[in-house]
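Trainee: I would like to go through this structure and ask how each label is earned.
Mentor: Go ahead.

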Amino acid sequence: MLVVTNSPDPTVPTLGTTPDAAPGTATGPELATTLRETVARLFPALRADLESLVRVPSVSNAAFDQAHVATSADAVAALLRDAGLPEVQVLRARTADGTEGAPAVVARRPAPDGAPTVLLYAHHDVQPPGDAATWETDPFEPTERDGRLYGRGAADDKAGVVAHLGALRALAASTELGDLPVGVTVFVEGEEEIGSPTFLPFLTQYRDLLAADVIVVADSSNWKIGVPALTTSLRGLVDCEVEVAVLDHAVHSGMFGGPVLDAVTLLARLITTLHDDAGNVAVPGLVTAAEPTVDYAEADFRADSSLLDGTVLAGEGSIAGRLWTKPAIAVIGLDAPSVAHASNTLTPRATAKLSVRLAPGQDPAAAMAALRTHLESSAPLGARVTVRDGEQGKPFLAPGDSEAMRAARWAFATSWGTDPVDIGVGGSIPFIADLLEVFPDAAILVTGVEDPDSRAHGANESVHLGELEKVVLAEALLLARLGGAVA
């Protein structure tokens, strides 16, 4: 596997640093050694805290008991208080129509004079567990197997909560530093897994509490076990429901079949217009960004995605490009008669839910308009096509050589002993656009607690414990570097 990275330059001063060592600073190797030992000593307790959080079934989907989400928020708040943060609150936001959001935790410690403030983001809500039969162990009883801790939320994103907690504990325990070298605000959201519906109102209502110079989002992935990554691009998102109607009501398939094609068949024909014969997206108006410089080997991709033998990959260009910088369209839901309840009639109407991932640089509103135009203009055999707009999220593209990015590359390389890979992610984190809207001058770093085998959102979700320990160390080093504690 060939990867292209930007090697960190330890001579470049970063936020909060000066080229010459100041009183109370340490050299990078000295501080790394001390913090590595400290994190190792603290990690058993951090693992126990992660296990306790996983045991709380904090599913934010409205079909589940929301009392568990409140319990999870209280547990996170207690951990942050114990970590020495003097201002800890459990807060909710309200939308314009009065809807109250899920509980989020905001914990703060003011910055020393002249030091920057860093906002540390994670979320404590989780996806539904899904079919219990597909899990090897109880999804809400954390279980270790082969160095991985299994359980819903063990990776996404309660490991992110623990990464922030561990970094703060390690810095507080370091006698070389004596205190946190930066101001810290920890923001742990409670509704990320349902699309963060009150995220922007929350940022607006609590803007003064959340303002920061650097924002660290611990909700992405590393390249692989032993190789860290910094996420420099994320695809955006739009989704919609498209309904195809051909009859006023169901009719006998023998009496009327032939001159009339059923709605499911016509919907299938409409769906096939979304891609060309090679599998490339064929919707005019959806843009493509520049090819990535990372080589994602096909064998690795097949293993990571669990692709069945013999299945041909769709689309053209590099695999990384098809994942990160090109649009993708998937049918994620279908309303039509089930096989078990089928009757011998022509289905009058059928509906599909489409999920469209957008390349960096694509405007979501323009993409939704392009998709709607394509669907309506491609109606098969004059069938009635109705498009209902859904969620929209902006893509993200980070500057590759900011001061904060250089500090992060140094911290990751020091923790893992190898340079991080600059990666894109095919998924979306729409709230990052909200962060940039409210805090346009903040530098945003998207970091990872997961790896390709974490199976976030799926059965048997897990976090690699050895990698999590490195994440904790890397974040502690990053905060020290941003605060000028490293010469």
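Trainee: Is D422 buried or exposed, and what makes it so?
Mentor: This is a predicted model, so every value is computed from predicted coordinates. D422 has a relative accessible area of 14%. Buried means under 20%, so D422 is buried.

Trainee: Which residue does the side chain of D422 meet in a salt bridge?
Mentor: The partner is R409, with 2.6 Å from N to O. The limit is 4 Å between a side-chain nitrogen of Lys or Arg and a carboxyl oxygen of Asp or Glu, so the pair qualifies. R409 lies in helix 11 and D422 in strand 16 (residues 421-425), so the bridge ties together parts that are 13 residues apart in sequence. R409 has a relative accessible area of 2% and is therefore buried as well.

Trainee: Why can two such side chains pair at all?
Mentor: Side chains of opposite charge can pair when their charged atoms come close.

Trainee: How many salt bridges does the rule give?
Mentor: The count comes to 16 salt bridges.

Trainee: What makes E243 and R349 one of the pairs?
Mentor: Their side chains meet at 3.5 Å, N to O, and the cut-off is 4 Å. E243 sits in strand 9 (residues 236-245) and R349 in strand 13 (residues 349-358), so this pair joins parts that are 106 residues apart in sequence.

Trainee: Why do E243 and R349 get the labels they have for accessibility?
Mentor: E243 is at 15% relative accessibility, so E243 counts as buried. R349 is at 37%, and partly exposed covers what lies between under 20% and over 50%, so R349 counts as partly exposed.

Trainee: Where do E51 and R47 lie?
Mentor: Both are in helix 1 (residues 28-54), 4 residues apart, about one turn of the helix. Their side chains form a salt bridge at 2.9 Å, N to O. E51 has a relative accessible area of 15% and is therefore buried, whereas R47, with 23%, is partly exposed. R47 and E51 are also linked with E144 in a network of salt bridges.

Trainee: Why is helix 11 called oblique to helix 13?
Mentor: Helix 11 (residues 403-416) and helix 13 (residues 465-482) pack at about 140°, with their axes 8 Å apart. Roughly antiparallel needs an angle over 145 degrees, and roughly perpendicular covers 65 to 115. The angle fits neither, so helix 11 is oblique to helix 13. Their crossing is right-handed.

Trainee: Which residues make that contact?
Mentor: Helix 11 contributes residues including A404, W410, F412 and W416, and helix 13 contributes residues including E467, V471, L477 and R481. By class, the contact has 13 nonpolar, 2 polar and 3 charged residues.

Trainee: What makes helix 2 roughly parallel to helix 3?
Mentor: Helix 2 (residues 67-82) and helix 3 (residues 158-172) pack at an angle of about 15°, with axes 10 Å apart. Angles under 35 degrees count as roughly parallel, so helix 2 earns that label against helix 3. S72, V76, L79 and L80 of helix 2 meet K158, V161, L165 and R169 of helix 3. These residues divide into 5 nonpolar, 1 polar and 2 charged.

Trainee: How do you know that T447 is buried?
Mentor: T447 is at 5% relative accessibility, and the limit is under 20%, so T447 counts as buried. T447 lies in strand 17 (residues 443-450). Leaving aside neighbours within four places in sequence, T447 has contacts that include V216, D219, L230 and F412.

Trainee: What is to be noted about the backbone at S306 and L381?
Mentor: Most residues other than glycine have a negative phi, and most peptide bonds are trans. S306 has a positive phi near 65°, and L381 has a positive phi of about 55°. S306 is in the loop between helix 8 (298-305) and helix 9 (319-324). With a relative accessible area of 58%, S306 is exposed. L381, at 64%, also counts as exposed.

Trainee: Which residues does a cis peptide bond join?
Mentor: The bond joins D156 and D157, with omega about 5°. D157 is in the loop between strand 5 (148-150) and helix 3.

Conventions:
Residues numbered from 1 in each chain as written. Predicted model: local features only at pLDDT ≥ 70, side-chain atom pairs only at ≥ 80, totals over all residues. Heavy atoms only, no water. Axes fitted to C-alpha atoms, helices over the stretch in contact; angles between N-to-C directions. Helix = DSSP H or I, 4+ residues; strand = E, 2+ residues; numbered from the N terminus. Left-handed = near helix turned anticlockwise from the far one by under 90°. Contact = heavy atoms within 4.5 Å. Nonpolar A, V, L, I, M, F, W, Y, C, P; charged D, E, K, R; others polar. Buried < 20%, exposed > 50% of the residue type's maximum accessible area, 1.4 Å probe, protein only.
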